[in-house]
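Q: Could you take a close look at one part of this model for me? Pick a sheet, walk me through how it is put together and what sits beside it, and give me the whole-chain picture along the way.

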Amino acid sequence: MSTPESRLALLACPLDQNSVGIAWLYPLPEKVDGAWFALRDRYYGITGSKANLPYAGLLTVLRASGHTSASLYPSSKENPPRYLALSRNLDANHLRNVIALWEQALLLTPRDDITLNYPSELADLISSVQPERVALWDHIRRSDTCVDAQGWVFDAANWNLTQKLAGTPLEIDGRKISLRADTENNLLAWEPEHLWQSTWQAARPDKDENTEPKPKASEPEEWKTLTRYAALRVQVAMKSLPGRGVPLAVLFPTTSRLSNTLRGARSAWLAPKAPGAPLLSLQLSGKGDYTHLDHTSRLALDAWVRLRDERIFPRRPEEKEFLSPSAMDLSGTPSNLRALIPYSVSFPIGKGVGLHTVSALARHASTALGQPLLGARRVPGVLVAHSRTTEFGRDATLLDDADLPHILQATGVSKLRILALYRHQTMRTRMQRLLAYHFNRPELARGMPDEVVIELTSTTEVVFTHAPELLAHGDHHASRAALTNQLPHLNPPPGTGVLALCETEYDQRAWARQRRESRAKNATVQDPYVLDAKPHVSKHLAKNGVLAQFLKPISKPLRSKKKPIETATPLQVLGSELAADFPGHMAVADMLRASGLVHPRLSRAISFGPRGLKTPMAHVGLHLRLQLGERRGPLTDPPKLMWTLVAFIPDGDRWRVLAHLPTAPDERGGWLDYAQAQCIYRSGPIPEGRRQDAALPRRIDQALHELRQHTTVDYVLYVSGNSSRSLWPRLANKNLDIDPDGNGYVDGKPTLPGLTLPAGFQPRSIIRITTGGPDLPIPAFLEAVHPDGEAKEGDKTSNALFRVEDTNSTFILSNRPHQMDGKTFYAKAGRNQSRWNCTDPVEQAETWYSLTSTEIAVLHLPPGDDPTPYALTAARLCNHPLAGDHRTQYPLPIHAGIQMDKDHPQYRRTIDWNAGEDGS
């Protein structure tokens with residue numbers, strides 16, 4: 001009997017002409033140009049702004065009042081748009097009224113003076129245009145491998161898809177859940193009976209009281225039993241997938257946890273009174289009582305109030321502002337105005353919707369759109385062979401290997417010295433026990449003297465130093481350089497690399513609370529991040545050639561589910577005592593990762609099985625990140641651009657890790673050993689720069705050219721699609737069918753990184769890795785497809801690699817969050833029921849996980865090569881971090897570059913549009 005084939009159904013549907021629908025296209029006459037420029041000049045004169053006209057307010061009102069999509073194309077600061085695209089043919093008077101009201105709000109007309117009789121040349125010209133009915137399918141460029149369209153086509157298609165999905169209720173667990181669309185193409189469970197609710201106390205009865213966030217003094221005791229609400233939110237969008245010549249409808253479900261106040265919120269929804277009208281999606285700014293609508297949302301509401309004569313927010317007659325103090329309170333049963341919680345706090349309903357709900361949404365989408373779900377077929381091959389394993393947190397495979405001295409030599413040194421810097425005796429004891437355990441010296445757990453170099457193994461040594469002033473938080477940063485230089489044992493014999501394991505104190509929740517308090521008017525507390533010792537200690541140690549790893553105290557008891565060994569060795573006894581110290585084990589592993597140690601298991605994992613890569617190759621990862629400048633009042637620092645290449649180069653049975661740093665003034669650059677490159681990187685500022693720098697692709701190509709000085713084998717280049725797709729044309733899905741010239745250029749731009757180099761210097765393969773978020777279809781459920789075509793639902797979860805159907809070189813790596821492998825009952829929350837069917841408040845309080853996806857697109861290969869082994873290798877490299885036991889978002893070469901970047905003292909998250917809100 002034939003074995004059934006495993007098929008992964010994704011939360012996405014291929015689209016056709018009927019499902020994408022139509023739009024009404026208004027070609028704007030040239031007469032509009034003069035009226036548009038005149039309005040822009042008046043707006044600039046009144047507001048002092050030099051930005052583009054805020055179209056978003058106008059489009060929001062058109063969408064909400066006309067029950068339609070709305071786009072102006074192209075959206076340019078210098079030139080008027082040429083088209084208005086709507087998904088409905090609006091009445092000319094209605095269109096004129098909306099534009100006239102928006103124009104008055106734009107020019108800061110007093111609210112009581114706004115009128116529908118306002119003379120507007122722009123409104124008259126646009127409303128007089130006769131629209132053309134167009135089929136969106138005819139405006140989508142399709143080839144065998146890619147899809148492209150103008151922005152207004154995507155906007156109209158997104159709207160049409162959202163309306164179709166909202167037209168029928170979601171059927172789940174015997175219920176019918178109505179979903180309501182908003183002006184940003186989200187679907188929300190809006191009716192009060194379809195919201196999830198729980199009380200704080202009932203949801204977290206077993207929480208340690210000391211870990212609960214404390215209410216402010218002004219908050220009543222009822223805070224503990226306040227009923228809180230959350231809602232299902234589904235983002236809907238038309239997307240493309242490399243290798244497929246038709247667009248997809250992609251759904252991305254989240255749990256949106258609703259705030260009981262507008263104070264500090266960033267996103268909100270307003271439900272109009274008109275039946276069937278979409279929810280108005282609003283953006284807010286400011287903090288506390290100073291929370292206010294941002295400019296475009298205010299313009300939209302100014303126009304909306306006059307157009308529909310609706311009273312928007314509950315406010316007293318004497319209160320003139322939309323967001324008056326009386327409108328800030330959203331406690332009680334959610335009404336027509338709702339907001340996301342402003343930041344991630346303890347909440348009685350956890351994040352995530354769970355596997356069961358994702359499966360139900362997939363079937364709902366297929367039924368509503370009349371299309372089958374996008375599928376992917378499993379790629380035969382084992383992903384986890386020879387992966388990193390630990391015993392009670394210890395990587396015995398690496399640290400007990402007889403070849404460890406040679407593995408260490410591949411990093412550029414012959415010995416490692418560990419500086420254990422501590423403030424308190426309890427931390428010293430903990431470090432001592434951890435190091436004794438990991439380096440197989442259990443007898444040293446009982447004691448090691450200070451300032452004495454202790455040999456752990458033939459290749460490692462440790463020395464403990466009491467450094468309370470250096471490690472203490474405070475404003476004495478000016479003295480930290482001298483304190484660092486006074487440390488003994490900073491200058492080891494030649495050939496010895498130095499690492500530092502440092503004590504620190506950090507409480508994320510307490511620090512976040514104190515940081516908010518420090519920004520209040522007349523604040524008496526300081527921002528703890530300004531007083532933080534870690535970035536300064538890390539920088540000054542790096543200047544001395546030392547890589548620092550920080551370890552904070554254990555704030556609450558840790559428990560391990562490991563069973564004790566009956567006849568245990570002294571090492572196993574120590575390990576069982578330390579089994580629950582997960583942060584300590586990770587700190588040691590990260591410290592060793594920074595040194596560049598790579599176990600030979602990586603070679604065996606890559607080549608494992610008949611589909612593995614048998615030819616030795618180097619594996620190179622490109623990491624790039626833009627960090628916006630820190631704002632200081634009206635001033636902003638210049639943006640910083642971090643890019644690096646990390647190469648894993650085979651050297652017989654061992655691996656050498658190199659990192660490339662852009663050459664900076666007075667600093668070394670080029671290809672360096674991983675640990676050495678990190679020291680140089682941490683000791684200086686992150687370089688200034690922008691993605692738009694035309695020389696950036698050329699500098700990256702030059703770095704790849706220089707790699708040939710360090711290896712003669714071919715190399716595979718892994719590129720993060722999330723951060724780099726705008727730099728090279730063929731990293732974008734829409735350009736996969738373009739042909740470069742003979743030198744690897746398209747319109748003067750390099751097609752892909754490395755392809756402008758001479759033949760002997762080009763990458764053998766280029767693989768784009770794209771992870772997570774609403775742009776990728778996520779796994780919905782697995783099916784077992786039998787040879788006769790019969791499909792039955794199979795296992796709930798999978799960590800396998802799948803090739804997308806009807807493609808040759810596009811793969812989806814299905815990721816099962818490691819929390820789902822936990823032994824507790826709640827690790828399986830959401831697997832067999834929805835939150836609507838869950839009556840256990842503790843289970844509601846847990847995060848409900850579902851599968852995530854990583855897209856692996858093999859964009860370049862030598863003619864005749866099969867892309868499957870390369871995709872399989874990329875997936876295996878996600879399973880083999882240097883530190884940690886779980887799968888990483890990116891393959892090892894990119895992941896190593898990301899970790900190197902995160903360790904920089906100036907590191908901050910790049911552009912997080914959801915910073916400060918729930919974002920779940």
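A: Let's start with the outside: the chain exposes about 39800 Å², and carbon and sulfur atoms supply 49% of that area. Bear in mind that this is a predicted model. Of the 920 residues in the chain, 55% count as buried. The chain holds 26 helices and 40 strands. Its radius of gyration is 30 Å, close to the 29 Å that the globule rule gives for 920 residues, so the chain is as compact as a globular protein of that length. Along the principal axes, the C-alpha trace spans about 85 × 70 × 60 Å. As for contacts between residues at least 6 apart in sequence, 72% of them join residues at least 24 apart.

Now for the close-up. The sheet I'd pick is an open one made of four strands in the order 4-5-3-6, with antiparallel pairing. Its edges are strand 4 (70–73) and strand 6 (132–135), each of which pairs on one side only. On average, neighbouring strands in this sheet are turned by 30° against each other, direction ignored. Look at strand 3 (residues 22–27) and strand 5 (residues 83–86): these two pair in the antiparallel sense over four bridges. If you want a spot to zoom in on, Y26 stands opposite L84 in strand 5.

Just ahead of edge strand 4 there's a residue worth a stop: T68, in the loop between helix 3 (55–66) and strand 4. Buried or exposed, then, at 0% relative accessibility? T68 counts as buried, because that 0% falls under the 20% cut-off. The side chain of T68 reaches the backbone nitrogen of S87 at 2.9 Å. Leaving aside residues up to four places away in sequence, T68 touches L62, R63, L86, S87, R88, L90 and W159. One of those, L86, belongs to strand 5 (residues 83–86), while L62 and R63 sit in helix 3 (55–66).

For a side-by-side, try another open sheet of four strands, with the order 18-17-16-19 and antiparallel pairing. Here the edges are strand 18 (292–293) and strand 19 (337–339), and each pairs on one side only. Strand 16 (residues 267–270) pairs with strand 19 in the antiparallel sense over three bridges. In that pairing, W269 has R338 in strand 19 as its bridge partner.

Methods: Residues numbered from 1 in each chain as written. Predicted model: local features only at pLDDT ≥ 70, side-chain atom pairs only at ≥ 80, totals over all residues. Heavy atoms only, no water. Pairing = 2+ DSSP bridges. Axes fitted to C-alpha atoms, helices over the stretch in contact; angles between N-to-C directions. Buried < 20%, exposed > 50% of the residue type's maximum accessible area, 1.4 Å probe, protein only. Polar contact = N/O pair within 3.5 Å; in protein donor to acceptor, adjacent residues only side chain to side chain. Contact = heavy atoms within 4.5 Å. Rg over C-alpha atoms; globule rule 2.2 N^0.38 Å. Areas by Shrake-Rupley, 256 points an atom, 1.4 Å probe, with all protein chains shown as cover.
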